[in-house]
Amino acid sequence: MDAREPVATAVVDPAVDERFMRHALSLAERAENEDDEIPVGAVLVSPAGEVIGEGWNRNITEHDPTAHAEIMAMRQGGKRLGNHRLVGCTLYVTLEPCAMCAMALVHARVARLVYGAGDSKTGACGSVSDLVSDPRHNHRVQVQGGVLGEESGRRLTNYFRSKRGKPPL
């Protein structure tokens, strides 16, 4: 792809986005309930609409700074496809990806990112920076933020409130 070429836009079905985001939210719940990790979940979907990777935050549990939900889902998807490229895939994640995860999306050639809550501190897909759309890269990712964003954000807020001994919102 020429660096000046615009990102191709796929036909989007909001009901499909919501269904996969609900799945990602269920994985975020596992992060919190099973591993006491920050509740972020991710689902990688093939161009045919099949779930090929799932993940939730495991960086504390696995003692691995790269074990974010997005990375876990992409690792699983790459193994499933037998390829480090995830061409045509969509990643659904409950929180806007950080710089590490954003660049992994670019390097993996993920076609589309759908996220729930924006991240005003470390979001690298439009909030703090926009690495996935940078025209200097040889691939850009189509981004849709805010899908079930309020629910995703509330889950994160309540997780941190509980850590501080405060009641949920």
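## Strand β3 and its neighbours

Alanine 42 stands opposite valine 93 in β3, a pairing taken, like everything described here, from a predicted model. That pair belongs to the contact between strand β1, residues 41-45, and β3, which run antiparallel and are joined by four bridges. β3 is also joined to strand β4, residues 112-117, by five bridges, and these two strands run parallel; here leucine 95 stands opposite alanine 117 in β4.

Strand β3 spans residues 90-95 and is mostly covered, with six of its six residues buried. Together with helix α3, residues 99-108, and β4, strand β3 makes a β-α-β unit that is right-handed.

## Helix α1: length and ends

Helix α1 covers residues 14-35, and because each of its 22 residues should add 1.5 Å, a span of 32 Å is expected, which agrees with the 31 Å that separates its end C-alpha atoms. At the start of the helix, the backbone nitrogen of alanine 15 has a side-chain oxygen of aspartate 13 within 3.0 Å. After the helix comes aspartate 36, whose phi is positive, near 50°.

## Helix α1: two faces

Which residues of α1 are buried? They are Asp17, Phe20, Met21, Ala24, Leu25, Leu27, Ala28, Ala31 and Asp35. When the helix is seen down its axis, these buried residues fall within an arc of 165°, and so they line one face of α1. A general point about helices helps in reading such a list: an α-helix has 3.6 residues a turn, so residues three or four places apart point the same way.

The buried residues of α1 are covered by elements that include the strands β1, β2 (51-56), β3 and β4, as well as helix α4 (149-163). On the face turned away from this buried side, α1 carries the exposed residues Ala15, Arg19 and Asn33.

## Asparagine 57

Asparagine 57 is found in the loop between β2 and α2, the latter being residues 69-81. Is this residue buried or exposed? Asparagine 57 has a relative accessible area of 8%, and because buried means under 20%, asparagine 57 counts as buried.

The side chain of asparagine 57 reaches the backbone oxygen of isoleucine 38 at 3.3 Å. Leaving aside residues up to four places away in sequence, asparagine 57 touches Ala31, Glu37, Ile38, Val40, Ala67, His68 and Ala69. Of these, Ala31 is also one of the buried residues of α1, which links this loop residue to the helix described above.

Key:
Residues numbered from 1 in each chain as written. Predicted model: local features only at pLDDT ≥ 70, side-chain atom pairs only at ≥ 80, totals over all residues. Heavy atoms only, no water. Buried < 20%, exposed > 50% of the residue type's maximum accessible area, 1.4 Å probe, protein only. Pairing = 2+ DSSP bridges. Right-handed = clockwise from strand over helix to strand, strands pointing away. Expected span 1.5 Å × (residues − 1). Arc of directions from axis to C-beta. Contact = heavy atoms within 4.5 Å. Polar contact = N/O pair within 3.5 Å; in protein donor to acceptor, adjacent residues only side chain to side chain.
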